[in-house]
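Please open the model in your viewer and keep the sequence panel visible beside it. The tour below proceeds selection by selection.

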Amino acid sequence: MQTTATPACLARPGRPAVVARTLTELAGPTRGVVELPVRLMWNRERTFDLADPDDLLWMYENVLRESTRTDDLRQLINGRTLRRVWRRLNLPRGVRQAWESRHRGLRTA
C-alpha cells in the first residue's frame, strides 16, 4: 500500500512521496554491500557499503526520495536503521513530512 499525502508531500515536483504503512515491514539489509537498481539511482556508482555511515545515509536518501513503490522500501530500508539515522538524512521537505505524518515516532527519533 502506498501512502500519498497532500501536494506538499512531494518527493519532487509531480511525484508524491511513497511511505511504508509500518516501519516493521521495512526489512532491508543492515550490513553488506547493496546495489540499487537503475530506477532508483541513475549514477554508475550505485553500490553502497552499509558499514560506511556516509554510504548508508546516501543510499537511504536516494531510496526514500526516488521510490515509487513500497516493495523497494521493504527490500532496501531497515526500519530500525531508519529510526537511528532519520535526523541525519538530507531529504526533501515533502518526503520528511510524509514519513513523519505517517510515523510520528520519527519526529523524535
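The stops that follow go from the whole chain to single residues.

**The whole chain**

Begin with the entire chain, coloured by confidence. This is a predicted model, and its pLDDT averages 89, with 89% of the residues scoring at least 70. Next, select residues 1-7, where pLDDT stays under 50. The model has 15 contacts beyond four places in sequence for this segment. Where pLDDT is low, the predicted coordinates should not be read in detail.

Now change to a cartoon view. The chain holds 4 helices and 4 strands, and along the sequence they follow the pattern β-β-β-β-α-α-α-α. Of the 109 residues, 47% count as buried. Among contacts with a separation of 6 or more, 56% are between residues 24 or more positions apart. A surface view corresponds to about 6,200 Å² of exposed area, of which carbon and sulfur atoms supply 48%.

**Strand S4 and the start of helix H1**

Select Asp-49, which lies in strand S4 (residues 47-49). Its relative accessible area is 34%, so Asp-49 is partly exposed. Show its surroundings: beyond four places in sequence, Asp-49 touches Gly-32, Val-33, Asp-55 and Leu-56. A C-alpha distance drawn from Asp-49 to Val-34 reads 6.5 Å, although the two are 15 residues apart in sequence. A polar atom of the Asp-49 side chain also lies 3.0 Å from the backbone nitrogen of Ala-51.

Move on to Asp-52. Which end of H1 does this residue cap? Asp-52 caps the N-terminal end, with a side-chain oxygen 2.8 Å from the backbone nitrogen of Asp-54.

**Helix H1**

Select residues 53-66, the 14 residues of H1. From first C-alpha to last, the helix reaches 20 Å, close to the 20 Å expected at 1.5 Å a residue. H1 is mostly covered, as 10 of its 14 residues are buried. The buried positions include Leu-56, Leu-57, Tyr-60 and Leu-64; polar residues such as Glu-61, Asn-62 and Arg-65 are also among them.

**The nonpolar core**

Display side chains for the largest nonpolar core, which has 31 residues. Those with the most contacts inside it are Leu-64, Leu-73, Leu-82, Leu-89 and Trp-99. H1, helix H2 (70-76), helix H3 (79-85) and H4 each supply at least two residues of this core. Which of these elements gives the largest share? It is H1, with 6 residues. In soluble globular proteins, nonpolar side chains tend to be buried together.

Centre the view on Trp-99. Beyond four places in sequence, its contacts include Val-18, Val-19, Ala-20, Leu-23 and Leu-26. Trp-99 also touches Leu-64, Leu-73, Leu-82, Trp-86 and Leu-106.

Then select Leu-89, in the loop between H3 and H4. Is Leu-89 buried or exposed? Leu-89 counts as buried because its relative accessibility is 4%, and the cut-off for burial is under 20%. Its contacts beyond four places in sequence are Leu-57, Tyr-60, Glu-61, Leu-64, Leu-82 and Arg-96. The C-alpha atoms of Leu-89 and Tyr-60 are 7.6 Å apart, with their positions 29 residues apart in sequence.

**Two arginines of helix H4**

Follow the last of those contacts to Arg-96, which is in helix H4. Arg-96 has a relative accessible area of 16%, and is therefore buried. Besides Leu-89, Arg-96 is in contact with Trp-86, Arg-87, Asn-90 and Leu-91, leaving aside neighbours within four places in sequence.

Now select Arg-93, also in H4 (residues 93-102). Arg-93 counts as exposed because its relative accessibility is 67%. Its C-alpha is 7.3 Å from that of Cys-9, a residue 84 positions away in sequence.

**Arg-39 and its partner**

Finish at Arg-39, in the loop between strand S3 (33-35) and S4. With a relative accessible area of 38%, Arg-39 is partly exposed. Which residues does Arg-39 touch beyond four places in sequence? They are Arg-69 and Asp-72. Draw the side-chain pair with Asp-72: a polar contact of 2.6 Å joins the two. For a last distance, pick the C-alpha atoms of Arg-39 and Val-63, which are 24 residues apart along the chain and separated by 9.8 Å.

Conventions: Residues numbered from 1 in each chain as written. Predicted model: local features only at pLDDT ≥ 70, side-chain atom pairs only at ≥ 80, totals over all residues. Heavy atoms only, no water. Buried < 20%, exposed > 50% of the residue type's maximum accessible area, 1.4 Å probe, protein only. pLDDT = per-residue confidence, 0-100. Contact = heavy atoms within 4.5 Å. Expected span 1.5 Å × (residues − 1). Polar contact = N/O pair within 3.5 Å; in protein donor to acceptor, adjacent residues only side chain to side chain. Areas by Shrake-Rupley, 256 points an atom, 1.4 Å probe, with all protein chains shown as cover. Core = buried A, V, L, I, M, F, W, Y, C linked by side-chain atoms within 4.5 Å.
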